[in-house]
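Reader: Could you take me through one part of this protein slowly? I'm curious about the charged side chains and what they pair up with.

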Amino acid sequence: MMWYLPITILPGLGMLIFSTTSQMMTISTEVGNLLSTQTTGFQHKIADMKIKQIQRLTYASTLLYFAAGAYVLSGIVGALMSNYTTASHITLVVGTLALLAALCLLVFYSFRTIKIRRLQFDHIHLTE
């Protein structure tokens, strides 16, 4: 395997990081708007669920940053050594596992987001 292979993954990983950070900022703004005035019990419950979503996104983005660092380190170690060493492979595998864990968290986040939206939708129809 060539030393530059792990580094070629970085642009896609960067897009995942950007998307995750953007989602964190959007949810944080939603929570701020929910809590800026006196909230009902339902609004407080939704805000709490959204704060947990921010926490999941934070974990996912941390894992994505770690994966990016591992890929860069793997590429650097591979470039500095004359052949692609065991250390490069191990670093690459660790980065890939971190990326996989982050993607699992993002999938879980997506399913939870749908549940929160469904609760909000159902509650609007109950209050009419």
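Author: Sure, let's start with Lys50, which counts as buried because its relative accessibility is just 6%, and the cut-off for buried is under 20%. Keep in mind that this is a predicted model, so every value here is computed from it.

What does the side chain of Lys50 meet in a salt bridge? The partner is Glu30, and the N to O distance is 2.5 Å. Lys50 sits in helix α3 while Glu30 sits in helix α2, so this pair ties together parts that are 20 residues apart in sequence.

Now look at Glu30 itself. Glu30 is partly exposed, because its relative accessible area is 22% and partly exposed covers what falls between under 20% and over 50%. Glu30 also has a salt bridge with Arg117, at 3.3 Å from N to O. Arg117 belongs to helix α4 and Glu30 to helix α2, so here the parts tied together are 87 residues apart in sequence. As for Arg117, its relative accessibility is 41%, so it counts as partly exposed.

There's another pair to find, and you'll want to follow helix α3 for it. Asp48 forms a salt bridge with Lys52, with their closest N and O atoms 3.6 Å apart. Both of these residues lie in helix α3, four residues apart, which is about one turn of the helix. Asp48 is partly exposed at 36% relative accessibility, and Lys52 is partly exposed too, at 41%. Going back to the earlier trio, salt bridges with shared partners join Glu30, Lys50 and Arg117 into one network. If you search the whole structure, you get four salt bridges.

Since you have the helices in view, have a look at the nonpolar side as well. The largest nonpolar core has 10 residues, including Leu13, Ile17, Leu64, Tyr71, Leu92 and Ala102. The elements giving two or more residues to this core are α2 (10-35), α3 (41-80) and α4 (86-127). Apart from this core lies another one, of eight residues, among them Ile54, Ala60, Leu106 and Tyr109. Pick out Ala102 for a moment: leaving aside its neighbours within four places in sequence, Ala102 is in contact with Ala60, Leu63 and Leu64. As a general background point, nonpolar side chains tend to be buried together in soluble globular proteins.

Conventions
Residues are numbered from 1 along each chain as its sequence is written. This is a predicted model: local features need pLDDT of at least 70, side-chain atom pairs count only at pLDDT 80 or more; totals for chains, interfaces and linings use all residues. Side-chain values use heavy atoms; hydrogens and water are left out. A nonpolar core is a set of buried Ala, Val, Leu, Ile, Met, Phe, Trp, Tyr and Cys residues joined through side-chain atoms within 4.5 Å. Buried means under 20% relative accessible area, exposed over 50%, partly exposed in between (1.4 Å probe, protein chains only). Contact means heavy atoms within 4.5 Å.
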